[in-house]
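Let's take a walk through a protein model together, one stop at a time. Have the structure open beside you so you can find each residue as it comes up.

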Amino acid sequence: MVPSYLPLSYYLLLGGFLFACGVAGFLIKRNIITIFMSIELMLNGVNLSFVAFAAHWHTLSGQIFVFFVMVVAAAEATVGLAIIISVYRTRETLNVDRVNLLKL
Amino acid sequence: MHLILFLIFGAVCVAGAINLLAQTHPINSALSLIAVMAALAGEYLLLGAEFVAAVQVIVYAGAIMVLFVFVIMLLNAGVEEHTRGSKVAILLGVPGMLTGGLLLAWVVLRNSAGETVPIGAMPGPPRAIAQLLFHDFLLPFEVTSILILIAIMGAVVLASKPPESAPPERVD
């Protein structure tokens, strides 16, 4: 199969858009779970640009990096959701404006 | 053909990301994030990264998002309430996103003009991935296993209930 080509900038723009949406969600959302999902959206945008660059430079290291990013994201999701559960248990709210003490 | 597929998956990604911002109930945001991740797996397949696409579907859209949905349902999260802080956040956040996004787009378009990505031609068989992962990147791989172990222990410690044998509260 003869490979066809797409401009690299398409992928970078899509990844950048996802990252910008994640940043905006992180800033404007008040629900602590939605804020956490915005972080995952940012990580996905970065992963897309990693894979696009890996395809551009004909190397596999970018895919390995994506693998490590996914592992760290999984660990982060586990600990973060545990923190959310314990915050909810003591404050009975998920609104970040009402969570103003670091103390549990 | 490839351009059409890219545009279809990209449109699903963009629509899901905007829907995540627009929805006020966290379960709707979670479902649109799942749509974004599934469409991204399609983009990875288009780039020839089959391993990453499979891991994206299994780990991200599968495991992590199931965890999110589980926690949303466990905590019975409702529609988010808006306070005075959220107006300030919208006033600052949306222009900030637009500025950042436009800056990023300008840099990308300026510096990557003429660069192309081959579609579906990338040598990404599992054998080559395993060679890299278990030979060249063996130390980071083992370190991530320790990281996951620490994350498991941290989650168990954080989410477990406080011991019942705590001293009873003083009654005045």
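Start with A:Asn47, which counts as buried because its relative accessibility is 0%. Keep in mind that what you're looking at is a predicted model. You'll find A:Asn47 in helix 2 of chain A. What does A:Asn47 touch, once residues up to four places away in sequence are set aside? Its partners are A:Val66, A:Val69 and A:Met70 from chain A, plus B:Tyr44 and B:Tyr60 from chain B.

Next, let's look at the nonpolar core. Here's a general idea to carry along: in soluble globular proteins, nonpolar side chains tend to be buried together. In this model the largest nonpolar core has 59 residues. Which of them touch the most other members? They are A:Tyr11, A:Ile33, A:Met37 and B:Phe68. Both chains feed this core: helix 1 (8-28), helix 2 (32-57) and helix 3 of chain A each supply at least two residues, and so do helix 1 (2-22), helix 2 (26-46), helix 3 (50-75), helix 4 (84-111) and strand 1 (116-119) of chain B. Helix 3 of chain B gives the most, with twelve residues.

Zoom in on A:Ile33 for a moment. Leaving out its neighbours within four places in sequence, A:Ile33 is in contact with A:Ile84 and A:Leu94 in chain A, and with B:Phe68, B:Val71 and B:Ile72 in chain B. Apart from the largest core lies another one, made of nine residues, including A:Ile64, A:Phe68, A:Val71 and B:Ile129.

Now for the aromatic rings. A search of the whole structure turns up ten aromatic pairs over all chains. Take A:Phe65 and B:Phe137: their ring centres are 6.5 Å apart and their planes sit at 85°, and since an angle over 60 degrees counts as edge-to-face, that's what this pair is. The pair crosses between chains, with A:Phe65 in helix 3 (residues 61-91) of chain A and B:Phe137 in the loop between helix 5 (126-136) and helix 6 (138-159) of chain B. Are the two partners buried or exposed? A:Phe65 counts as partly exposed because its relative accessibility is 41%, while B:Phe137, at 17%, counts as buried. Both belong to a cluster linked by ring pairs, whose other members are A:Phe50, A:Phe67, A:Phe68, B:Phe51, B:Phe134 and B:Phe141.

Our next stop is the largest pocket, with a volume of about 290 Å³. It is lined by 19 residues, and A:Leu13, A:Leu14, A:Gly16, A:Phe17 and B:Ala105 lie nearest its centre. Helix 1 of chain A gives the most to this lining, with eight residues. Helix 1 and helix 4 of chain B each supply at least two. What classes of residue make up the lining? There are 16 nonpolar, three polar and no charged residues.

Finally, a look at the backbone. Most residues other than glycine have a negative phi. A:His58 has a positive phi of about 55°, although it is not a glycine. A:His58 sits in the loop between helix 2 and helix 3 of chain A, and it counts as exposed because its relative accessible area is 55%. A:Glu92 also has a positive phi, near 55°. This residue lies in the segment after helix 3 of chain A, and at 63% relative accessible area A:Glu92 is exposed.

Methods:
Residues numbered from 1 in each chain as written. Chains lettered and ligands numbered in written order. Predicted model: local features only at pLDDT ≥ 70, side-chain atom pairs only at ≥ 80, totals over all residues. Heavy atoms only, no water. Phe/Tyr/Trp six-rings, centres within 6.5 Å; stacked < 30°, edge-to-face > 60°. Helix = DSSP H or I, 4+ residues; strand = E, 2+ residues; numbered from the N terminus. Buried < 20%, exposed > 50% of the residue type's maximum accessible area, 1.4 Å probe, protein only. Core = buried A, V, L, I, M, F, W, Y, C linked by side-chain atoms within 4.5 Å. Contact = heavy atoms within 4.5 Å. 1 Å grid on protein atoms, 1.4 Å probe; cavity = no way out; pocket = protein on both sides within 12 Å on 5 of 7 lines; lining within 4 Å. Points joined across faces, edges and corners; volume = space filled by probe spheres on them. Nonpolar A, V, L, I, M, F, W, Y, C, P; charged D, E, K, R; others polar.
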